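Me: I should like a close look at a single part of this structure. Please take one residue and describe its place, its surroundings and the element that holds it.

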Amino acid sequence: MNSFLFRLRERLVNFYPPLFGAGIRSRNVDQYTIHVEMKLTAFNRNIVGVHFGGSLYAMCDPWFMLIMMRGLGSDYIVWDKAASIKFINPGRGTVKAVFQISQEKIEDIRAAADGGGKIEPVFSVDVIDEQGQVVAQVEKLLYVRRKLPQ
């Protein structure tokens, strides 16, 4: 997929119903970094008035995979394989997370995948509230391999 289509898809992801409905907004900083935020609204609030855990997870779901897909290009298969979330503090107000994979890490994964077989890198991110407190810690396991020649 060319660079224009990647950028278009990444802008349109803000209108994907599960993200849009929860008030999740992303902003690409560069090829390797995406900032995501979510305001507390009636649509993402739980029964005790703080961020619903499912919305906190949804705000963390696709970003590492999208960064990896862009970094590796179309010759590689990249999937989310597993995830875990640990809730630390109640989420009030606007929460934010920064998703980043360094170019060096992407190149290491590319080299390993080029060696044959699958690679399963793990990435983590903290969801932070307006006071700088950690609300949740999310860990994502990706599946990466080079596409087989056809």
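Reply: In this predicted model, Ala113 belongs to helix H5, which covers residues 103-114. Ala113 has a relative accessible area of 3%; because buried residues are those under 20%, Ala113 counts as buried.

The surroundings of Ala113 include residues from other parts of the chain. When neighbours within four places in sequence are left aside, Ala113 is in contact with Tyr76, Ile119, Val144, Arg145 and Arg146. Lys147 lies 34 residues from Ala113 along the chain, yet the C-alpha atoms of the two are separated by 9.5 Å.

The helix itself can now be considered. H5 is made of twelve residues, and from its first C-alpha to its last it reaches 16 Å, close to the 16 Å expected at 1.5 Å a residue. The buried residues of H5 are seen within an arc of 105° when one looks down its axis, so they line one face of the helix. Those buried in H5 are Ile106, Ile109, Arg110 and Ala113. A general rule of geometry is relevant here: an α-helix has 3.6 residues a turn, so residues three or four places apart point the same way.

The buried residues of H5 pack against helix H4 (63-72) and against three strands, S3 (76-87), S5 (122-128) and S6 (134-146). On the face turned away from this buried side, H5 carries the exposed residues Glu104, Asp108 and Ala111. Just after H5, Gly116 adopts a positive phi of about 105°.

Conventions: Residues numbered from 1 in each chain as written. Predicted model: local features only at pLDDT ≥ 70, side-chain atom pairs only at ≥ 80, totals over all residues. Heavy atoms only, no water. Helix = DSSP H or I, 4+ residues; strand = E, 2+ residues; numbered from the N terminus. Buried < 20%, exposed > 50% of the residue type's maximum accessible area, 1.4 Å probe, protein only. Contact = heavy atoms within 4.5 Å. Expected span 1.5 Å × (residues − 1). Arc of directions from axis to C-beta.
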